[in-house]
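Welcome! Here are a few notes to read alongside the structure, point by point.

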Amino acid sequence: MPLVVLYHFPQLLDPLYLSDMKKIIMALMAVCLTAPAMAEPIKESEYKTMHSMGCMLLGECTDDVVKVYSMLDISSQYNNTEEFTGITGEFHNMLHSLNEIGVNVFLADEKYFPAGHRGVYHTVSNNFFLNRKFMDTPATLMMVMRHEGWHAAQDCMAGTIDNSLIAIIKPEDEVPMIWRVMAERTYPESAVPWEAEAGWAGRTENMTMNALAACAAGEMWTE
């Protein structure tokens, strides 16, 4: 028979003591419930700027920034939940590989993104963020997921995910011209090699999934 040790405190049996303790606990609970949430370290006028995005990337702005553990964490945010079923397999495979290599995915409020930004990967924290405003269709979600996931694979290609560098994965002459032209029209010249192949991967089924799987398996250079 297990031994049960009871510590006896006579005052706990005193009705007046119990009544006072109950009042103290109720008062503390009231303070906790009515205390205002801690304000974010940026001004209202600074939302939807590079400053607010930086605040999110550094983990200093966390309001309405939710970690993604499965497709349901995204699809349940919208009325067309069932439409995401067809892409769940590829999505979960990418998410699993990302988690394996130490990359977290977050769904964040549009207030943190400059106009037109659908997602962003941060090479320092190894996290990437999806703009909730645009993730309401499976096609857009997968395009952004593949694109930003490819940047994570480029980070892996640079030697290790634990650095702040990225390297191109494909030979530049293998990237279809359409994606290079689109990158040249959208990004600074210095970013074109990386963004061209990320644009290609963003619109190619399983391309990012396979690259991330190779990274997770430690076979990035051989595969």
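1. How many bridges join strand β2 to β4, and do they run parallel or antiparallel? Five bridges join strand β2 (residues 104-108) to β4, and the two run parallel. For one pair to look up, take Leu 107, whose bridge partner in β4 is Leu 130. Please keep in mind that this is a predicted model.

2. Now turn to the other pairing of β4. Strand β3 (residues 119-122) is joined to β4 by four bridges, and these strands run antiparallel. Here Gly 119 stands opposite Leu 130 of β4. The hairpin of β3 and β4 has four residues between the strands, and in this hairpin Asn 126 takes a positive phi near 60 degrees.

3. Is β4 itself buried or exposed? Five of the five residues of β4 (residues 127-131) are buried, so the strand is largely enclosed by the rest of the structure. Asn 127, Phe 129 and Asn 131 point one way, while Phe 128 and Leu 130 point the other way, and all are buried.

4. Next, the helices. The axes of α4 (residues 88-101) and α5 (residues 138-157) come within 11 Å and cross at roughly 25 degrees. Because angles under 35 degrees count as roughly parallel, α4 is roughly parallel to α5. Their crossing is left-handed.

5. Which residues make this helix contact? From α4 come Glu 90, Phe 91, Met 94, Leu 95 and Leu 98, and from α5 come Leu 141, Met 142, Met 145, Arg 146 and Ala 152. The residues of the contact divide into eight nonpolar, two charged and no polar.

Terms used:
Residues are numbered from 1 along each chain as its sequence is written. This is a predicted model: local features need pLDDT of at least 70, side-chain atom pairs count only at pLDDT 80 or more; totals for chains, interfaces and linings use all residues. Side-chain values use heavy atoms; hydrogens and water are left out. Axes are lines fitted to C-alpha atoms, for helices over the stretch in contact, and angles run from 0 to 180 degrees between N-to-C directions. Angles under 35 degrees count as roughly parallel, over 145 as roughly antiparallel, 65 to 115 as roughly perpendicular and the rest as oblique. A crossing is left-handed if the near helix is turned anticlockwise from the far one by less than a right angle, and right-handed if clockwise. Contact means heavy atoms within 4.5 Å. Ala, Val, Leu, Ile, Met, Phe, Trp, Tyr, Cys and Pro count as nonpolar, Asp, Glu, Lys and Arg as charged, and the others, Gly among them, as polar. Buried means under 20% relative accessible area, exposed over 50%, partly exposed in between (1.4 Å probe, protein chains only). Two strands pair if DSSP finds at least two bridges between them.
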